[in-house]
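Please take a moment to look through the sequence and the 3D structure shown here, and then follow the paragraphs below.

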Amino acid sequence: MEDLFASLVKDFVDETEPLVQKASALVLKLEQASGEATKPLVRSLRGELHTLKGNSAMMGFTPIEKVAHRLEDVCAEMAAEGSAERRAQIQLLLDGCDLLLALIHSALGGGVDPAAAEPFLQRSPQPGANVPGAEPSLAGADVPAPSAPPVTAAVTENDESRGSTRIADDDIDGLLELAGETIVGQIDLTRVHSRLARGRFEPSDIALMDQILLALGRTSRDMRHRLLRLRLAPIAMLFRRFERFVRDLGHERGQTIELAIQGGETAVDRAIISRLYEPLVHIVRNAVAHGVELAPERASSGKPQNAKILLAARLREGRVHVSVADDGRGLDLAAIAAKAKAQGIDSANLSERDVQRLIFQAGLSTASSVSKLAGRGVGLDVVASVVQGLGGSIDVRSTSGRGTMFVLDLPVTVSLQKALIFGVDSETFAIPTGFVVDTLPNREKDLQAINRVLLCSWRGDFVRATDAGRLLGCQGLAEAWARPYAIVMQAGNKRGALLVDWLSGVQEIVVKPLDETFAGCTMIAGATVLAQGRVVPILDCLDVVRRISAALLPEAPEANATEASDDVF
Amino acid sequence: MSSEDSLPKHPGADSSDSVVAFADALLAKTPRDPGREGVEVRQYVTFFLRDHEIGLPILQCREILRTSVITRVPEAPQQVRGIVNLRGRIVPVVDTRACLGFEPSPITARSRLLVVEVAARQFALVVDRISRIVKLMKSEIDVAPADLAVPYAVGVARLGGSTIVVTDAERILHGGIVSPSSSGRGEPA
């Protein structure tokens, strides 16, 4: 019984979430529209709210029903365009949509708190009558801070744990046909096999088997391709969530910021879409805080009054490029260089592009004061590691006075990744190539131990290194010094080198998740199956690099080496 | 349905609550029907660990495989030997001996992987050898006597000259792999 109710709730959330998002988008359009154009908008808005009200009543989620009802009332009595009252109503509708999303998500977590909607319902006793101050004050809102949509955490978590996908009947039929084809192929092969087993070989059998294998190969590849496509969704799903966010960011600063979206139809893995939201929020927030000038400054540099932010996506060589651009003042290279210097990084010899890339280092924030928006000095380094974790990379381009653009280079799907295969002792592992900066022969003279810290010299620099066999707990006796190869990895702004026995080429792997039995194995992100069915663990490079930078050589036999190097210093 | 006359009378047509009460009463009646409990027959897959024959409900068992190369996962729980590929699905391989407190033993030619499913998760249990499939009536399963009172036993059944320790996959996996909450069953205090 409980399972049945849980699945009803899940369906309810799946159905109503898009309704609220649609309603929210309609309110934003309504804010911009005027005259006759507003009528159809209000009509569809009331339609969405009404459906939501009905669905919630059916499930017994009274608070959701009440809020939807209140918003319907507001729609019925929209004040004249341009009036302060109208602005307050719009804000009320937007806040109401936020609250609805939060309430809907709370249904998943065990139930809707009947008290949750009360502050909101009391805030608008009579729609349109007396909204305090008649000024659209965000600070006065009784709902969670609107500039950071309250759904953030809920949506990203649930998207992954819920993990359901609607599939068109045609897609299922197509897949069934392909599955049927593979069975036909298997029957054909069985026939040939039984002939061969009885020693009745016919010369034409080779040609026949060639034909069957070719068909089977084509069918199974096609099947995988179609299945992968089912995981994809238009990236507009993600981009649209920023319409509201950018509007609110602008209002907080008393200016209008336009959001432009390009390539919204680009299809990307749902898993990537859900994990990309946080990083994009960060980048967009940065773009507004650091890049976009306030109206007077824009006027004096001859820019249009309204600032613009562009979210774009396009496919390139089998990967997706997602870019966030603003038409602000550009990166302040002098300030970045000064901050870097304070952190002990000499940027004098770096190219302009490399100075720009310093913003991905931890602790470098150029906002001169810590505001609500930015300037805490954490962020872009975290963004960079999330993007790497998805098998991608991030870059920035900026022109002083013209604007800044962040480009995220991502795979279309997370279930397919490029990985470097390596071996240590008798075991094999895979590393996503996004984290590998270099591979090189490991020569004893390049290794140095200082106070039990092992360092590997690389491009005139030192990188902390550790023996892969020891780190991964392999049963072997080889020492770090004896491993023939080093893999230099970078995760976020941390580097580390793994010393290994052998490397094989880079190959495309299918990433498979591990059972939660292995939740404690933080160095392992999943597993893949290589040729001959060999199962190989995939390293979680964020954790591995973190461990490398904390790893110490064991006390025992290396103690001599430590003393020796102590003598040198 | 001899007990029909003891059911509540036909409910008033006006109240939906009484319909619910009526249905509840019907549902509650069925399993409590006396005399049926012991007749219920279940099938068990049995396997050996050392000289112990252990039975698992067949409904929890998915398939039996020969052991293949097991890939070790760094830092995995001690009762987990690693992972194998089960038609594209990566499944943990559980050292059943370690889970149940037997001394460790290497994998032999007779060792098999018994794939079980618990709460939509699959596990491959390493067993010394697979024995047979038996049918047991509920009344044939007794409380484990003191000399066989192993913590994982649900009960014991004597079949011919042999003794089968009856258990379930949750109890085997309990030690650190499946938590009591996710197996939907409380820990016997």
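Which residue's side chain meets that of B:Arg132 in a salt bridge? In this predicted model, the partner is B:Glu53, and the N to O distance of the pair is 2.8 Å. Because B:Arg132 belongs to strand E8 (residues 129–137) of chain B and B:Glu53 to strand E2 (residues 52–57) of chain B, the salt bridge ties together parts that are 79 residues apart in sequence. B:Arg132 counts as partly exposed, at 30% relative accessibility, whereas B:Glu53, at 4%, counts as buried.

The chain that holds this pair has 3 helices and 11 strands, and from the N terminus on the elements of chain B follow the order α-β-β-β-β-β-α-β-β-β-β-β-β-α. Of its 189 residues, 37% count as buried. One of the residues that are buried is B:Ile90, with a relative accessible area of 9%, which is found in strand E5 (residues 89–95) of chain B. The C-alpha atom of B:Ile90 is separated by 9.5 Å from that of B:Phe123, although the two residues are 33 residues apart along the chain.

Over all chains the count comes to 43 salt bridges, and chain A supplies further examples. The side chains of A:Arg244 and A:Asp95 meet at 3.6 Å, N to O, and this pair links distant parts of the chain, with A:Arg244 in helix H10 (residues 241–252) and A:Asp95 in helix H4 (residues 84–108), 149 residues apart. Both partners are buried, A:Arg244 with a relative accessible area of 7% and A:Asp95 at 0% relative accessibility. They also take part in a network of salt bridges that links A:Glu31, A:Asp95, A:Asp98, A:Arg244, A:Arg247 and A:Asp248.

Charged side chains also appear together in another setting, where A:Asp169, A:Asp170, A:Asp171, A:Asp173, A:Glu177 and A:Glu181 form a negative surface patch. A:Glu181 lies in helix H7 (residues 169–197) of chain A and, at 45% relative accessibility, counts as partly exposed.

Why is A:Cys75 not bonded to the closest cysteine sulfur? The sulfur of A:Cys75 is 8.6 Å from that closest sulfur, in A:Cys97, which is too far for a bond, since a disulfide requires the two sulfur atoms to be within 2.5 Å. A:Cys97 is likewise in no disulfide, and the count over all chains comes to 0 disulfides. A:Cys75 counts as buried at 4% relative accessibility, and A:Cys97 is buried with a relative accessible area of 3%.

Definitions and conventions
Residues are numbered from 1 along each chain as its sequence is written. Chains are lettered from A and ligands numbered from 1 in the order in which they are written. This is a predicted model: local features need pLDDT of at least 70, side-chain atom pairs count only at pLDDT 80 or more; totals for chains, interfaces and linings use all residues. Side-chain values use heavy atoms; hydrogens and water are left out. Patches are made of residues with over 30% relative accessible area and no salt bridge: like charges are joined within 9 Å, nonpolar side chains (Val, Leu, Ile, Met, Phe, Trp, Tyr) within 5 Å. Accessible areas come from the Shrake-Rupley method with a 1.4 Å probe; for residues, only the protein chains shown count as cover. A salt bridge is a side-chain nitrogen of Lys or Arg within 4 Å of a carboxyl oxygen of Asp or Glu. Lys and Arg count as positive and Asp and Glu as negative; His and the chain ends are not counted. The place of a charge is taken as NZ of Lys, CZ of Arg, CG of Asp or CD of Glu. Helices (H or I, at least four residues) and strands (E, at least two) are DSSP runs, numbered from the N terminus. Buried means under 20% relative accessible area, exposed over 50%, partly exposed in between (1.4 Å probe, protein chains only).
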